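Student: Please take me slowly through one small part of this structure, and explain each term as you use it. I would like to follow how helices are described when they pack together.

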Amino acid sequence: MEWFEALALLLGTIMLLMAIGMPIALAFLAANIIGAWVFMGGERGVMQLLNNGLGALTKYALMPIPLFLLMGEIFFHTGLGGRMFTAIDKLLGRLPGRLSYVTVLGGTAFSTLSGSSMGSTALLGSLMVPEMSRRGYKSHMSIGPILGTGGLAIIIPPSALAVLLATLAQIDVAALLIAGVVPGLVLAGFYIATIWLQTRIDPTAAPAYDVAPMSFLSKLGLLLREVIPMVSVMVIIIALMIRGFVTPSEAAAFGALGVLILAAIFRCLTWKAMKKSVIGALKVTLMAYLIVFGSATFSQLLAFSGASRGLVTWATSFDLAPLAMLLVMFAVLLLLGMFMEQISIMLLTVPIFFPLAQTLGFDPIWFALIMLLSLEISFTTPPFGLLLFVMKGVAPAGTTMREIYTSAFPFIFCSLFLVALLIAFPQLALWLPSL
Amino acid sequence: MINTTYKALLYGLAGVSGLMLVWIMVSVIVSVVMRNMGLQPFAWLFTSAEYGLLYMTMLGAPWLVREKGHVHIELLTAALPGAARRLLSRAVAAACVLICVILTWKGIELVMTNIKRGDFDTRAYYYPRWLLTIAFPLSFGLMAVEFSRFVFGRELMHSGEAGIHE
Amino acid sequence: EETISAVHAFPETLIYTKSFLSFVDKVNEAGKGVIQIDVRGGPEAIGMFQQPDAVRDGIVDMVYTPGSFYGGALPEKDAMVASNLTAVETRANGGIALIDQIHQEKMGLKYLGWFDSGVCYNLWTRNEPKFDAAGNLEVEGLKLRGNNVYNAFFTNYLGAQVIDLPTGEVYSALQRGVVDATGWTQIGLIDLKWNEFLNYRIEPCFFSTDLGVIVNNEKWNSLSDDAKKILQEVAIQHEKDSVEALRAKRDEDFAALDAAGMKVVSLEGEAKASYLAAAREKTWERMKEVMSDQPGGTGNYDRLIELFYDLGAD
Ligand code: NA
Ligand code: NA
């Protein structure tokens, strides 16, 4: 079978099944069964599929996600979240969309703690979305910024994906990590601008209500009592991580522990809240991990059948000008990213793209950063972006996939704009590492 | 009687799944604290958390089918008129049953192969592989039952309510 | 023309994978019109730890992987792990033939060749290692990263606090001081960039890499005699070539590390002998223990040790 036939068979199956309303995880499993049957020699291929799923799930790197979810759920169900957001509302007064700004700022700060965008989305989603919708924010004002900042986690150091990419491509790890700082902050700035624009265009998207004037002292009291304790949990964990007490993967467990202790101090830790939190975290995790189970093998089938490699080799076989070639590579990454898992994409494309980038005269650090950005974007692009499904899991009942797609769009556009800026001004990435 | 036993099994496994989540948190905290006190963290803390991820996902998945927690896209089901929508919804559920039955059958074969070959998972310890893979037939078997409730039962998997939204 | 499919355990950019791919090139050159190897990819095509099962079940015909990835099914791979010989000597003395026979019996696999042998492991540390009065390495206070290849040695003999971390997490763990020492092969440290944090290499080196090519037996038996002959001959040639190529690479890496300030500290005399003895004996102990639970028992134990370890060489 030619590579494009294999590609058409695998992608066609999954798109069709998703369109007729099969649960995403089951659609992957069905495509895998068909793919395993065709490319792995009949029914024994299906057994291999289960073995692959076992390998994909028992990975240490997956551990932070349920724990960040648990942290967010405890924060919400114990009422700590409500108290903190009420305080922020009072402190920030009339600023329209203030919790959306808080999300971006918090998300940017959190990116310095988390190396995984799934963990970041899980935490911010479970932390912010329920409170924001309770306060009358339209869903795109909460979901959009969180999907955006989820992606920041893999650009701003620490970033597990950046370390892996640098190692695979044999480039300077530290330089790539540092190169992500300025573009990450610029991107966060774009998000802030997007929110400002959105509240301008549609003032009802975020509730604006009059806040009674408060004295400086009562503001300070509110800050100390309701906001500082939660923020210090985050600060302590970041400090522990910098001191080498915990690795980024382990930080989530201490985040959950920190919120538990805080809830105990504020006397709002109940068995009922705990049970609700575990169930809430469990639901999102189970949904997302069964998709991981299916999609990991799907990625492998795309590789094993020769479909993805065929695509990559074909797309890069044309004799194009450097900029056109860069765009081709970017497009291939986005396309693969719609269906494949990020690490598999890197393993597949690095050996082809980096030598090519070198012959085209690209700076490898700059190129690696663009590659990271494309992986980040593909994490939030329909039809299959894992972050979108995580978001669906934490969003209030009745939120449709379409709402989630449209919320993501303006923030995806910000990332695309950043890529354009990086192409025009490579110094944006390269200035800091060169110091 | 069978019904009560079945329900107890379904919810019992979901409970185990929730305990696994808590266990993952505890094991990470304990091993980090031990390490920083200058003790050697038990390797089984780390390994059991990795295995915990598998057990958590597989044992909880059938319960999530009942809770309609597995995300799907309502595109066609929202566009179709009542009768056709109900038919499609039941057909999709039936396809899910078929997928789960195939995976149950292959899962049983995998467990038998693991036992016959004496396969071990070699991380910190040599752990019998079938103790891991047994989660597959158990999980997909129960999922098949749960999906079949949407084929034959009164309730449908798809709401169709979303109108033009999805 | 016959074709066999193949996957490799490690990413394409890793030195060991490049070695395997050069073997494939040699086969495809020598085998024109007779036999060709079709490489389907690495861990992105079939998961690293699922590859041994995949070749056993005939999903793929050939796999290049460390024996340690299927040590549960074939504990005899520890004879190679603890070996101080290379594929050249063990091919000549019948050691590899015995390993091949065990693969056929226990897993239904043809063991085609032991590549990239002769590369051993060192302990690498951030801070200057300390020694007791007798010259033995002191591991107290050392935050040592381990994995299942060397834990038998590190834990049972050195009594070290082993921190199990996947390879991908080691860089940031070193950066943050979660670990400050690790075992690793003589080559590859620079590729992983760990030398940014590690400053000392402790000699002597111990163990050996155990990377080999395994082929599904049914597929192997279905090949024409010509094809088998080409595959086997090229593999034996590559066993030899890869030893030399990797030795050259090791010298190159060591020179680069030296230039960058890596210091070498060596155990001597009695302490050195007992360090090496512990490395091999703890590993053999583990091998014997697992073998005794399997059909066939420990029947091959003594013979394996005799063929894979030269006591006179240390
Ligand atoms: Na980060
Ligand atoms: Na995607």
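Tutor: In this predicted model, helix H2 (residues 24-39) of chain A packs with helix H3 (residues 44-57) of chain A at an angle of about 130 degrees, and their axes are 7 Å apart. Helices here are DSSP runs of H or I with at least four residues, numbered from the N terminus, while the axes are lines fitted to C-alpha atoms over the stretch in contact, with angles running from 0 to 180 degrees between N-to-C directions. H2(A) and H3(A) are therefore oblique to each other, since angles under 35 degrees count as roughly parallel, over 145 as roughly antiparallel, 65 to 115 as roughly perpendicular and the rest as oblique. H2(A) passes H3(A) in a right-handed crossing, a word used when the near helix is turned clockwise from the far one by less than a right angle, whereas an anticlockwise turn is called left-handed.

From H2(A), the contact (heavy atoms within 4.5 Å) involves Asn32(A), Ile33(A), Ala36(A) and Trp37(A), and from H3(A) it involves Gly45(A), Val46(A) and Leu49(A). By type, these residues divide into 5 nonpolar, 2 polar and no charged, where Ala, Val, Leu, Ile, Met, Phe, Trp, Tyr, Cys and Pro count as nonpolar, Asp, Glu, Lys and Arg as charged, and the others, Gly among them, as polar.

The same reading can be applied to another pair in chain A, namely helix H6 (residues 98-111) and helix H8 (residues 139-155), whose axes come within 9 Å and cross at roughly 15 degrees. H6(A) and H8(A) are therefore roughly parallel to each other, and H6(A) passes H8(A) in a right-handed crossing. On the H6(A) side the contact is made by Ser100(A), Thr103(A), Val104(A), Gly107(A), Thr108(A) and Ser111(A), and on the H8(A) side by Met141(A), Pro145(A), Ile146(A), Thr149(A), Leu152(A) and Ala153(A). The residues of this contact divide into 6 nonpolar, 6 polar and no charged.

As for how to read the names, residues are numbered from 1 along each chain as its sequence is written, and chains are lettered from A and ligands numbered from 1 in the order in which they are written. For this predicted model, local features need pLDDT (the predictor's confidence in each residue, from 0 to 100) of at least 70, side-chain atom pairs count only at pLDDT 80 or more, and totals for chains, interfaces and linings use all residues, while side-chain values use heavy atoms, with hydrogens and water left out.

Methods. Helix = DSSP H or I, 4+ residues; strand = E, 2+ residues; numbered from the N terminus.
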